[in-house]
Number of protein chains: 2
Amino acid sequence: MQNQAAARIVIIEDDQTIREGYTYLINHTSPYQVVNTYPSFDVARQKISKDNPDVIILDIQMPGTNGIDAIPILKKLLPQVYIIMLTVYETEKIILEALANGASGYFTKNTAASKIIEAIKDVLQGGGPMSPSVAKKVITSLQKNPDSPLTKRETQILSLITRGKDRSQIANELFIEIETVKTHIKNIYVKLNVNSKADAIKVAKSNRLV
Amino acid sequence: MQNQAAARIVIIEDDQTIREGYTYLINHTSPYQVVNTYPSFDVARQKISKDNPDVIILDIQMPGTNGIDAIPILKKLLPQVYIIMLTVYETEKIILEALANGASGYFTKNTAASKIIEAIKDVLQGGGPMSPSVAKKVITSLQKNPDSPLTKRETQILSLITRGKDRSQIANELFIEIETVKTHIKNIYVKLNVNSKADAIKVAKSNRLV
DNA sequence: ATAACACTAACCCTTTAGGGGGTATTTTTT
DNA sequence: AAAAAATACCCCCTAAAGGGTTAGTGTTAT
């Protein structure tokens with residue numbers, strides 16, 4: 001008698017070869033079972049609840065609803081499910097969208113089946129498995145610009161501005177006068193070559209100053 | 001004759017046992033060499049440039065300057081260096097601060113030396129190595145709330161507000177009237193139970209609505 | 001020690017944006 | 001057919017933003 005049922009996997013992927021390849025490999029080399037596969041999310045939508053999957057392996061480019069948009073719908077249908085993206089896309093934008101929408105892992109399609117099996121184990125244990133190059137892009141997206149032209153105080157104030165604070169709230173929070181805040185903001189605008197809050201935030205975000 | 005010089009590693013870590021343990025293991029089981037070790041950043045500061053490291057393994061809690069604050073200074077001294085954090089801390093806040101400051105990888109101290117050696121290989125090849133639990137926290141920090149009370153349009157407008165756009169800019173961007181934007185904002189305020197932009201942004205960020 | 005930078009604060013000024021109250025039509029989704 | 005979402009208009013008043021200028025006091029690096 002085994003300790004618990006094998007985790008249930010569903011693969012949603014339009015390429016039949018990939019679908020069958022991963023299915024075979026997962027079923028034959030791991031303690032997990034692929035309970036169903038679908039060629040698109042639109043086909044999966046009505047039936048996947050009955051599969052009761054623990055993990056979904058999801059493509060992005062598919063006929064009909066794309067994988068990115070499918071994630072929140074799948075999470076609503078199956079709140080406990082872990083979704084691992086398996087796709088050819090690895091632009092920072094798409095990776096971050098997938099993770100923002102609720103994906104728990106992200107791999108590119110050249111990934112060996114053994115790594116996918118490790119990834120299934122990893123999500124089930126509360127990890128966040130990613131390809132090295134994906135992890136790199138995620139980390140890069142979090143990094144600040146080390147060559148900011150702003151001083152510490154200016155950076156601090158710009159950060160409060162990006163959080164929507166107004167001059168008086170900033171003054172209160174930093175225990176300084178509102179006129180001092182104004183001076184800092186004026187200096188920030190000069191350094192960033194802007195003349196409004198909106199543009200300052202835009203420059204701050206695009207140059208990762210905060 | 002070997003293809004290239006072994007990558008040069010420096011360890012900055014106040015615990016002598018850990019320092020010596022990892023040094024031994026890296027030097028004896030991998031193609032990398034630990035060229036120097038330091039018990040604190042303040043000791044390392046003046047001499048590390050001469051070590052010319054490719055990778056620094058960095059603790060956070062140390063006498064003097066902590067590891068988080070040390071990262072940008074090290075990056076300024078050695079712009080090409082990869083920094084891998086090795087620490088007992090794994091709160092989301094500290095992890096994100098370390099990565100924002102320029103760390104390329106992050107591990108907790110119970111990590112096996114073999115994983116650290118893999119991590120060194122990984123950063124040198126352009127990856128972003130992390131412990132599974134660290135990767136999980138990084139991914140969680142990027143995820144949106146799937147149960148937002150806001151409609152698509154409201155979410156879109158709130159997102160533009162968080163980017164510092166004012167009513168007229170939002171109206172222009174979405175090709176709608178400024179009065180319509182006002183209406184959406186009023187509805188957002190009611191749903192979020194706030195009555196100012198700053199509070200809306202605060203609620204949006206703390207509940208990951210955008 | 002001394003110059004440069006950072007942080008602080010004050011005065012002047014005008015323009016723009018924000019927030020609250022309502023009502024109402026059209027479009028989309030269920 | 002009913003509900004929800006998106007659109008748009010009117011009224012009101014206060015608060016906030018932006019620009020210009022000057023200046024004292026620390027701190028830090030050369």
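In this predicted model, strand E1 (residues 8–12) of chain B and strand E2 (residues 33–38) of chain B run parallel and are joined by 5 bridges. One of the pairings to look for is that of B:Val10, whose bridge partner in E2(B) is B:Asn36. Between these strands stands helix H1 (residues 16–29) of chain B, and E1(B), H1(B) and E2(B) make a right-handed β-α-β unit. The helix H1(B) lies across E1, E2 and strand E3 (55–58) of chain B, and it runs at about 170° to E2(B).

The two strands belong to an open sheet of chain B, in which 5 strands are arranged in the order E2-E1-E3-E4-E5 with parallel pairing. Because E2 and strand E5 (105–108) of chain B stand at the edges, each with a single partner strand, one side of each is left without a neighbour in the sheet. On average, and with direction ignored, neighbouring strands of this sheet are turned by 20° against each other. Towards the E5 edge, strand E4 (residues 82–87) of chain B runs parallel to E5(B) and is joined to E5(B) by 4 bridges; here B:Ile84 stands opposite B:Gly105 in E5(B).

Turning to chain A, the reader will find an open sheet of 5 strands in the order E2-E1-E3-E4-E5, again with parallel pairing. Strand E2 (33–38) and strand E5 (105–108) of chain A are at the edges and have a single partner strand each, so one side of each is left without a neighbour in the sheet. The average turn between neighbouring strands of this sheet, direction ignored, is 20°. Helix H1 (residues 16–29) of chain A packs on the sheet and touches strand E1 (8–12), E2 and strand E3 (55–58) of chain A, while the direction of H1(A) makes about 170° with that of E2(A). Helix H4 (residues 67–77) of chain A also packs on the sheet, where it touches E3 and E4 of chain A, and the direction of H4(A) makes about 170° with that of E4(A).

The E5 edge of the chain A sheet can be followed residue by residue. Strand E4 (residues 82–87) of chain A and E5(A) pair in the parallel sense over 4 bridges, and among the paired residues are A:Met85, with A:Tyr106 as its bridge partner in E5(A), and A:Thr87, with A:Thr108 as its bridge partner in E5(A). From E4(A) the chain crosses through helix H5 (residues 92–101) of chain A to E5(A), in a β-α-β crossover that is right-handed.

How do the two chains stand to each other? A turn of 180° and a shift of 0.0 Å along the axis lay chain B on chain A with an RMSD of 0.1 Å, and the two copies are therefore related as by a two-fold rotation axis. The same surface serves both copies, since 100% of the contact residues of chain B recur in chain A.

The contact takes 36 residues from chain B and 36 residues from chain A. On the side of chain B that touches chain A, two or more residues each come from helix H4 (67–77), helix H5 (92–101), helix H7 (132–142) and helix H11 (197–206) of chain B, and H7(B) provides the largest share, 7 residues. By class, this side of chain B divides into 14 nonpolar, 11 polar and 11 charged residues.

The remaining topic is the DNA. Around DNA strand C there are 18 residues, of which A:Thr151, A:Arg153, A:Ile176, B:Asn195 and B:Ser196 come nearest. Helix H8 (152–162) and helix H10 (178–192) of chain A, together with helix H9 (167–174) and helix H10 (178–192) of chain B, each supply at least two residues of the surface near this strand, with H10(A) giving the most, 4 residues. That surface near DNA strand C has 2 nonpolar, 8 polar and 8 charged residues.

Around DNA strand D there are 20 residues, and those that come nearest are A:Asn195, A:Ser196, B:Thr151, B:Ile176 and B:Glu179. Here the elements that give two or more residues are helix H9 (167–174) and H10 of chain A, together with helix H8 (152–162) and H10 of chain B. The most is given by H10(B), with 5 residues, and the surface near DNA strand D divides into 2 nonpolar, 8 polar and 10 charged residues.

Conventions: Residues are numbered from 1 along each chain as its sequence is written. Chains are lettered from A and ligands numbered from 1 in the order in which they are written. This is a predicted model: local features need pLDDT of at least 70, side-chain atom pairs count only at pLDDT 80 or more; totals for chains, interfaces and linings use all residues. A residue is near a molecule or strand if its C-beta atom, placed from the backbone, lies within 6 Å of it. Ala, Val, Leu, Ile, Met, Phe, Trp, Tyr, Cys and Pro count as nonpolar, Asp, Glu, Lys and Arg as charged, and the others, Gly among them, as polar. Copies are superposed by least squares on the C-alpha atoms of residues with pLDDT of at least 70 in both. Two residues are in contact if their C-beta atoms, placed from the backbone, lie within 7 Å. Two strands pair if DSSP finds at least two bridges between them. Axes are lines fitted to C-alpha atoms, for helices over the stretch in contact, and angles run from 0 to 180 degrees between N-to-C directions. A crossover is right-handed if, with the strands pointing away from the viewer, the path from the first strand over the helix to the second runs clockwise.
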